[in-house]
Amino acid sequence: MLRFRLLRFPLYPSNLSALSPKHTSLCVISLSGTPSTKPRSQMGSYTTSSRSPKLLFRQLFEKESSTYTYLLADASHPEKPALLVDPVDRTVDRDLSLIKDLGLKLIYAINTHVHADHVTGTGLIKTKVPGVKSIISKASDAKADLFVESGDKIHFGDLFLEVRATPGHTLGCVTYVTGDGPDQPQPRMAFTGDALLIRGCGRTDFQGGSSEQLYKSVRSQIFSLPKETLIYPAHDYKGFTVSTVEEEMLYNPRLTKDEINWGSRMNNGGNFGFTVRSS
Ligand SMILES: N[C@@H](CCC(=O)N[C@@H](CSS)C(=O)NCC(=O)O)C(=O)O
């Protein structure tokens, strides 16, 4: 069975021994407090669903790791080609059953990064659905059938995802963004993995993590998208499902900080308006 290399980290906090020495002194951050002082009237009134005559879209949740898996398909294409973003092994049967019910043809199982908190369902899917190709970034140094890098496009029917490199949580993190064009979903949708979470971001204390890189990635590759772009993260721990670029630019308590304040605070568990627990 095909598995990515770094995958079987036990859940926190017992995984610390599996990580590099730098992790053991790291703080665990939990959220509290008000994220922003900016008035809500600054924000446009954007929809939180995407419109496309072609796209079939489902957001699926795995509760033990609080992970979102996303199903996208071109429902107007005769073969209804589909892909899964960040499938989890525990929920593969559920996801494949849904795909069968909807009459879709799964062609790709793709990952935004090598997940430290759960096992990707990609390998299991490949044993259950012959012909499915796994995809991950070249920079992740993981195993897969196909490797992508910034600027690549992943086509499914008439639709496609664009690849944007967003390292920082891990070296190989990428964000997949729905295409820009007449037949593509509007607003665009960004599957940000752990680079950008709703009102948060991925931790940077894992091997290959870099707070400086994460800050630059989010600013240059995600916040540069149209403001109405929908943000779909790989995890949510607070019950959120979707956000927009504009909402996160205004209210994300971490990414609204300037760069100088960001780096040292992220690395040292400093005050982002969060309660910080040192381990
Ligand atoms: N903060 C989470 C704990 C789980 C966790 O650390 N999740 C990772 C993504 S999976 S590797 C993460 O980056 N979380 C963001 C963070 O700020 O910790 C929780 O609240 O349960």
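Start with helix H4: its buried residues are Ser211, Gln213, Leu214, Tyr215, Ser217, Val218, Gln221 and Ile222. Keep in mind that you're looking at a predicted model. Across the whole chain of 279 residues, 45% count as buried, and the chain holds six helices and 16 strands.

**Helix H4**
- H4 takes in residues 211-222, which makes 12 residues.
- From first C-alpha to last, H4 reaches 16 Å, close to the 16 Å expected at 1.5 Å a residue.
- A handy bit of background: an α-helix has 3.6 residues a turn, so residues three or four places apart point the same way.
- Among the buried residues of H4 you'll find Leu214, Val218 and Ile222.

**The six-stranded sheet**
- Six strands make up an open sheet, lined up in the order S8-S9-S10-S11-S14-S15, and the pairing is mixed.
- At the edges stand S8 (153-156) and S15 (243-244); each has a single partner strand, so one side of each is left without a neighbour in the sheet.
- Further in, S11 (residues 189-193) and S14 (residues 230-233) run parallel and are joined by four bridges.
- Want a pair to look up? Phe191 has Tyr232 in S14 as its bridge partner.

**The annotated domain and the chain's contacts**
- The unreviewed UniProt entry carries the annotation "domain: Metallo-beta-lactamase" for residues 66-235.
- That span, residues 66-235, is 17% helix and 33% strand, and its end C-alpha atoms lie 5 Å apart.
- Looking at contacts in the chain with a separation of 6 or more, 64% come from residues 24 or more positions apart.

Terms used
Residues numbered from 1 in each chain as written. Predicted model: local features only at pLDDT ≥ 70, side-chain atom pairs only at ≥ 80, totals over all residues. Helix = DSSP H or I, 4+ residues; strand = E, 2+ residues; numbered from the N terminus. Expected span 1.5 Å × (residues − 1). Buried ≥ 20, exposed ≤ 12 C-beta atoms within 10 Å, placed from the backbone. Pairing = 2+ DSSP bridges. Contact = placed C-beta atoms within 7 Å. UniProt positions renumbered as here; feature names shortened; annotations may be inferred.
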